[in-house]
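Got the viewer open? Here is a short tour, one selection at a time.

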Amino acid sequence: MSVHVQNSRMTTAKLRQMKQNGEKIAMLTSYDFTLASLVDEAGIDMLLVGDSASNVVCGNMYTLPITVDEMIFLTKGVVRAAQHALVVCDMPFGSYQVNTDEAVRNAIKILKESGCDAVKLEGGEEIIDAIRRMVQSGVPVMGHLGLTPQSVNQFGGYGLRAKEEKEAEKLIHDAKLLDEAGCFSIVLEKIPAALAEKVTKAVSCPVIGIGAGNGTDGQVLVLHDMLGMNQGFKPKFLRHFAKLADEVKGAVGEYVSAVKDGSFPSAEESY
Ligand code: KIV
């Protein structure tokens, strides 16, 4: 019996090829089957089940509370939706920082139970042994440097990172380490554009930016933010590609009126 493998599926090798060809990579977050199906159909290269689900789906202030099992639950729906995109699941806070064995065990658990293609972790040299062991175990790993929201309590906020030379040098050092350790890609969040471009040229793997300018190999945004669903949130790096908050509220308002004035359901909408 042979298992059919769709060769239109995105792979880490194809992403590397895209970098070499100078073809930009588009990535968005997704947290559920229905929206992920639409995003996948629209031609996205990678779907990230970000731990931003803690904010977007669960309404928490920070990404810190979400758990491995909650990430697996959400990722399963996105994996079922993805016909083309490569699916990456964030490893949540606490699932890889304690020690290397626990980190590798959790990465394997996430890959096995959710069916995702890869995991993403925040950090550089501090977690490099865990990343090496994951890659050696067959787990594709995406790195994440710059503004790493799981360290919000250490940073004291979500401001621009690596403005100073010392932090910029550490970031370049960390990016090279992640590349050498076998990360198939690295996310750079909220750092100066010139630094992001320098890192992108210094590493062999594709670099995906968010708030990191146009010199990276690709871009990622939080889906609900770029669709204009998160009304109060409009940092400089974010572009609203739609105004879904207005659309949703308009449609719901019309529904409420139609129910209350008795015009819904009509005779045609009844059995
Ligand atoms: O969790 C997330 O949404 C992310 C992106 C902002 C890169 O990590």
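Keep in mind that this is a predicted model. Start with the loop between helix H7 (152-155) and H8, and select alanine 162 there. Check its backbone: alanine 162 is not a glycine, yet its phi is positive, about 55 degrees. Most residues other than glycine have a negative phi.

**Next stop: H8 and its partner**

Now select helix H8 (residues 165-181) together with helix H6 (residues 128-136). Their axes are 9 Å apart, and the helices pack at an angle of about 25 degrees. Angles under 35 degrees count as roughly parallel, so H6 and H8 are roughly parallel to each other. Their crossing is right-handed. To see the contact, show side chains for Ile128, Ile131, Arg132 and Val135 on H6, then Leu177, Leu178 and Ala181 on H8. By class, that contact of H6 with H8 holds 6 nonpolar residues, no polar ones and 1 charged.

**Into the barrel**

Switch to the strands. What do they form? A closed barrel of 8 strands, running E1-E2-E3-E4-E5-E6-E7-E8 with parallel pairing. On average, neighbouring strands of this sheet are turned by 25 degrees against each other, direction ignored. Keep H8 displayed for a moment: H8 packs on the sheet, where it touches strand E5 (141-146) and strand E6 (185-189). Compare directions, and you'll find that H8 makes about 180 degrees with E5.

For a look at one pairing, pick strand E2 (residues 46-49) and strand E3 (residues 86-90). E2 and E3 run parallel and are joined by 4 bridges. Where does leucine 48 find its bridge partner in E3? Click on valine 88. Strands of a sheet pair through backbone hydrogen bonds, so those are the ones to display here.

**Two crossings that share H4**

Hide the strands and bring up helix H4 (residues 68-81) with helix H5 (residues 100-114). The axes of H4 and H5 come within 9 Å and cross at roughly 35 degrees, and the crossing is right-handed. On the H4 side, the contact uses Val68, Asp69, Ile72, Thr75, Lys76 and Val79. From H5 come Asn106, Lys109, Ile110, Glu113 and Ser114. Colour the contact of H4 with H5 by class and you get 4 nonpolar, 3 polar and 4 charged residues.

Leave H4 on and add helix H2 (residues 33-41). The axes of H2 and H4 come within 8 Å and cross at roughly 35 degrees. This crossing of H2 and H4 is right-handed too. Pick out Phe33, Ala36, Ser37 and Asp40 on H2, facing Gly77, Val78, Arg80 and Ala81 on H4 as their contact partners. The contact of H2 with H4 divides into 4 nonpolar, 2 polar and 2 charged residues.

**Last stop: H11 and what follows**

Finally, select helix H11 (residues 244-260) and draw a distance between its end C-alpha atoms: they are 24 Å apart. Does that fit, or what span should its 17 residues give? At 1.5 Å a residue the expected span is 24 Å, so the two agree.

Step past H11 to glycine 262, which has a positive phi near 80 degrees. Then find proline 265, in the segment after H11. The peptide bond leading from phenylalanine 264 to proline 265 is cis, with omega near -5 degrees. Most peptide bonds are trans.

Definitions and conventions
Residues are numbered from 1 along each chain as its sequence is written. This is a predicted model: local features need pLDDT of at least 70, side-chain atom pairs count only at pLDDT 80 or more; totals for chains, interfaces and linings use all residues. Side-chain values use heavy atoms; hydrogens and water are left out. Axes are lines fitted to C-alpha atoms, for helices over the stretch in contact, and angles run from 0 to 180 degrees between N-to-C directions. Angles under 35 degrees count as roughly parallel, over 145 as roughly antiparallel, 65 to 115 as roughly perpendicular and the rest as oblique. A crossing is left-handed if the near helix is turned anticlockwise from the far one by less than a right angle, and right-handed if clockwise. Contact means heavy atoms within 4.5 Å. Ala, Val, Leu, Ile, Met, Phe, Trp, Tyr, Cys and Pro count as nonpolar, Asp, Glu, Lys and Arg as charged, and the others, Gly among them, as polar. Two strands pair if DSSP finds at least two bridges between them. The expected span of a helix is 1.5 Å times one less than its number of residues.
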